[in-house]
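Trainee: I should like to learn how the features of a structural model are read. May we go through one together?

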Amino acid sequence: LTLHPELRWDASDTATYAATAASPVLRIPANRLLPGKHYEFVLTATSPVELRYTASDKVVVEAALEPLTLALAGGDRTVPATSSLELEALAEDPSNSTAPSGVPYAFAYQWALEAEGDVELTEVARTALLAPASIGNAFGRKLLVPAGALTPDTTYTVTVLVSRAPLGPGRSAVAASVVLTAGAAEVPTLSITAGTAETLRGIQAELDTSKELRLVCAGAAQSGSTVTWTVEESGAQVPDLLAMFDIAGDTLRAPPGVLRPAGAYRFACTAAGGSAAVAVRTRAAPAGGTVAATAVAGGLVAVVAADYASPAPGGLAYEFRYMVAGSTGEVPLGERTRSGTGGPFELPAGEVTPVVYVMAATDKPSGPRDVPSGLRLELAPMAVAPFELPAAA
């Protein structure tokens, strides 16, 4: 096997790169390829019987870093024109990539502020955009807008462009925007924040519908006014959907499974004349595959899921569980796998229902008491015979 000389080689990885007759697969650990580079991999196979019989093939691979995920904290909102404002960019590297030095890439931020119509930016607003990256604004992650920088009764679009620094081949930039409406001094400053880590990741990228969505209308409690929530799906209000949510004042909770896969939602809250809104997209579910469970021996069951299409980069992973008759709880079976084949598993005798979860490989593995992410597939109940040890020869 011939590797391009620019491959970041580590002597401890030699066994990982080896392709043998038993395992003719090349596996390259993460962060070994340099972004923006092209690599030519050449594989030569030799017959173990006749050494003169050889064949080779090659493939050229362009290395690129996975795009960052990004959101602007708080979403669209009304703000008092007479108050200062702080906006924060929430960027995350889903692949945890590292630079050639071995340290994570730094992020570079570029902010823009645009007023609608013919309204020109104030000198204070221009100064805020040109402020150097410093500890005060988290090295560019935050935009600090002083009081008086915004013109009353004017709508602004704030955009941030984020990339791994420096921006170059193999490194893409991503953008996020929010709309700010400058109002009177008495208008409360509301913002919608994520109540859980899963919700924050969902706002940054796409939400897994098997996870709970929890949003908080921050700033509403200080106003002392009643909070009103609305939700739109694909641009149309869906009043009936609100009835499926748990709403308690400034907090909205959407239980797992309520939102549709591949959906586009906009959640808004209002209180005392102020408002805030945030967009949430849900991830498409894996589709097109088959799953089956087969009793291969006394007490042993094999489960196979195949041909599912991944809605996200990185491929799929599978988790296997089972339920016994008369119980709603699920018992995990083995470790998460990328192959889609589980077992054979030793299951308890009686009526057992195998369960398979199909998820993006980038999702975090679930704990024994967690609800796994992704598509849940419940197979037909099957009768499992008591486990039998093989007879002695």
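The dialogue below takes up the disulfide, one loop residue and the pockets.

Mentor: This is a predicted model, in which local features need pLDDT of at least 70 and side-chain atom pairs count only at pLDDT 80 or more, while totals for chains, interfaces and linings use all residues. Residues are numbered from 1 along each chain as its sequence is written, and side-chain values use heavy atoms, with hydrogens and water left out.

Trainee: What is a disulfide, and which residues does it join here?

Mentor: A disulfide is a covalent bond between the sulfur atoms of two cysteines. In practice, a pair of cysteine sulfur atoms within 2.5 Å is taken as one. This structure holds one disulfide; C217 and C269 are joined, with an S to S distance of 2.1 Å. The link of C217 and C269 is right-handed, with 75° about the S-S bond. It connects distant parts of the chain, 52 residues apart: C217 belongs to strand β11 (residues 213–218) and C269 to strand β16 (residues 264–271). Such elements are DSSP runs numbered from the N terminus, helices being H or I of at least four residues and strands E of at least two.

Trainee: Is C217 buried or exposed?

Mentor: Buried means under 20% relative accessible area, exposed over 50%, and partly exposed in between, with a 1.4 Å probe and protein chains only. C217 counts as buried because its relative accessibility is 0%. C269 is buried too, because its relative accessibility is 0%.

Trainee: Where is G219 found, and which residues is it in contact with, leaving aside neighbours within four places in sequence?

Mentor: G219 lies in the loop between β11 and α4 (220–223). Contact means heavy atoms within 4.5 Å; with those neighbours set aside, G219 is in contact with T189 and L190.

Trainee: How is a pocket recognised, and how much space lies in the largest pocket?

Mentor: Rolling a probe the size of a water molecule over the atoms shows where empty space is left. On a 1 Å grid over the protein atoms alone, a pocket is an open set of points where a 1.4 Å probe fits, with protein on both sides within 12 Å along at least five of seven lines; lining residues have an atom within 4 Å of a point. The largest pocket holds about 1400 Å³ of space. Its lining has 49 residues, and closest to the centre are T69, R201, A205, E206 and R283.

Trainee: What volume has the second largest pocket?

Mentor: Its volume is about 480 Å³, a volume being the space filled by probe spheres set on grid points joined across faces, edges and corners.
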